Amino acid sequence: MRVVVTGAHGKVGRAAVSALLAAGHEVTASDLTRPVWERREPDQPRYVQADLTDVGQAFAVVREAEAVVHAAAIPDPMANAPHVVFQNNLMATFNVLEAAVRFGVSRFVNISSETVPGFFFAERPFLPDYAPVDEEHPIRPQDPYALAKHFGEQLMDAAVRRSDLRCISLRPSWVQHEGNYERNLGPQVRDSSEAGAGLWSYIDVYDLADAIVLATESDLPGHEVFYIASPDNAGGHDFAAMLRRYFGDRIELRPLARPDASGISCAKAHRLLGWTPKRSWRDYLDENGRTRQG
């Protein structure tokens, strides 16, 4: 399948490109960064530099695709002005999706975010209604990043109403890789009070890439939304005990698949996508949250 991956030089995009190539797909990678003006290595995909907030460039990138994986985005609302985050993320999604509809693309994989319900970057903080959080949780975003991701999912809903395009939105938890496990999750492993808004949840970037491949190849109709999170929590804590210890009865505890469950449920992705993550923080960190040697 001819697959376009936007945001291909980012953390998620790079892993998605590699996984799609390994699965036998013909990949075109796109991002804002400049191409390398050298002969491509045999295993490198075609690369197109593009600013996807420009509709003409978005159409040029998508025109020969059979599927699109849209990972391009400013990745949080903390380092750019609010209007820049919102305009960039929403208009890039709109333009790429519009091109996919007009060119008759069959599958669109939208990389959304765990932040969509709103309790990650809220100016007026609030807690999840219940945990583990799933796709049915109410959505109340306040910040420009979560708002743009939420509206992006609504754009998917509209696209399947007006075309034959099939859409899947993936909401990854906090994405980790070899180089950042200790820095990001080490504190949570050592100290369970470091829950964060995601309630000790995370996802390995290579497990996320596997989910992206499954979503790209899926024949699910319409638009489905999936959380993508590891089934265990960072630190392997007793989730029920930690939730009661730090949040009392302010977050409803729902049934757990395992004692060390994540704060985000990946049950729907397992059921409908057939996705089963293969990696854990334990593959990278010891019980003290330090990088494993060797």
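# Strands, helices and salt bridges in a predicted model

Strand S5 is mostly covered, with five of its five residues buried. The structure is a predicted model. S5 pairs in the parallel sense with S4 and also with S7. A search of the whole structure finds 14 salt bridges, and some of them are described below along with the strands and helices.

**Strand S5**

- S5 spans residues 107-111, and both of its faces are covered.
- On one side of S5 are Arg-107, Val-109 and Ile-111, and on the other are Phe-108 and Asn-110; all of these residues are buried.
- S5 and S7 are joined over five bridges and run in the parallel sense.
- Phe-108 has Cys-167 as its bridge partner in S7.
- Phe-108 is also the bridge partner, in S5, of Val-68.

**Strand S4 and its neighbours**

- S4 covers residues 67-70, with Ala-67 and Val-69 pointing one way and Val-68 and His-70 pointing the other way.
- Those residues of S4 are all buried.
- S4 pairs with S5 in the parallel sense over four bridges, and within this pairing His-70 has Asn-110 as its bridge partner.
- Strand S1 (residues 2-6) is joined to S4 by four bridges, and the two strands run parallel.
- Val-69 in S4 is the bridge partner of Val-5.
- S4, helix H3 and S5 together make a right-handed β-α-β unit.

**Helix packing**

- H3 and H4 pack with their axes 9 Å apart, at an angle of about 15 degrees.
- Angles under 35 degrees count as roughly parallel, so H3 and H4 are roughly parallel to each other.
- The crossing in which H3 passes H4 is right-handed.
- Helix H1 (residues 11-22) packs against helix H6 (residues 205-217) with the axes 8 Å apart and an angle of about 60 degrees.
- H1 and H6 are therefore oblique to each other.
- H1 passes H6 in a right-handed crossing as well.

**A salt bridge within helix H3**

- What makes a pair like this possible? Side chains of opposite charge can pair when their charged atoms come close.
- Arg-102 and Glu-98 form a salt bridge, and their closest N and O atoms are 2.9 Å apart.
- Both residues belong to H3 (residues 82-102), and because they are four residues apart in this helix, about one helical turn separates them.
- Arg-102 is exposed, at a relative accessible area of 54%, whereas Glu-98 is buried, at 15%.

**A salt bridge between a helix and a strand**

- The side chains of Arg-171 and Glu-153 also meet in a salt bridge, at 2.8 Å from N to O.
- Which parts does this pair tie together? Arg-171 lies in strand S7 (residues 166-172) and Glu-153 in helix H4 (residues 144-162), so the salt bridge ties together parts that are 18 residues apart in sequence.
- Arg-171 counts as buried, with a relative accessibility of 3%.
- Glu-153 is buried too, with a relative accessible area of 5%.

**Other salt bridges**

- Arg-258 forms a salt bridge with Asp-260, and the closest N and O atoms are 2.6 Å apart.
- Is Arg-258 or Asp-260 the buried partner? Asp-260 is buried, with a relative accessible area of 12%.
- Arg-258 counts as partly exposed, at 32% relative accessibility.
- Asp-207, Asp-210, Lys-278 and Arg-279 are linked in a network of salt bridges.

**How the pieces connect**

- S5 has parallel pairings with S4 and with S7, and S4 in turn runs parallel to S1.
- H3 is part of the β-α-β unit with S4 and S5, and H3 also packs with H4.
- H4 holds Glu-153, the partner of Arg-171 in S7.

Definitions and conventions: Residues numbered from 1 in each chain as written. Predicted model: local features only at pLDDT ≥ 70, side-chain atom pairs only at ≥ 80, totals over all residues. Heavy atoms only, no water. Salt bridge = Lys/Arg side-chain N within 4 Å of Asp/Glu carboxyl O. Buried < 20%, exposed > 50% of the residue type's maximum accessible area, 1.4 Å probe, protein only. Pairing = 2+ DSSP bridges. Right-handed = clockwise from strand over helix to strand, strands pointing away. Axes fitted to C-alpha atoms, helices over the stretch in contact; angles between N-to-C directions. Parallel < 35°, antiparallel > 145°, perpendicular 65-115°, else oblique. Left-handed = near helix turned anticlockwise from the far one by under 90°.
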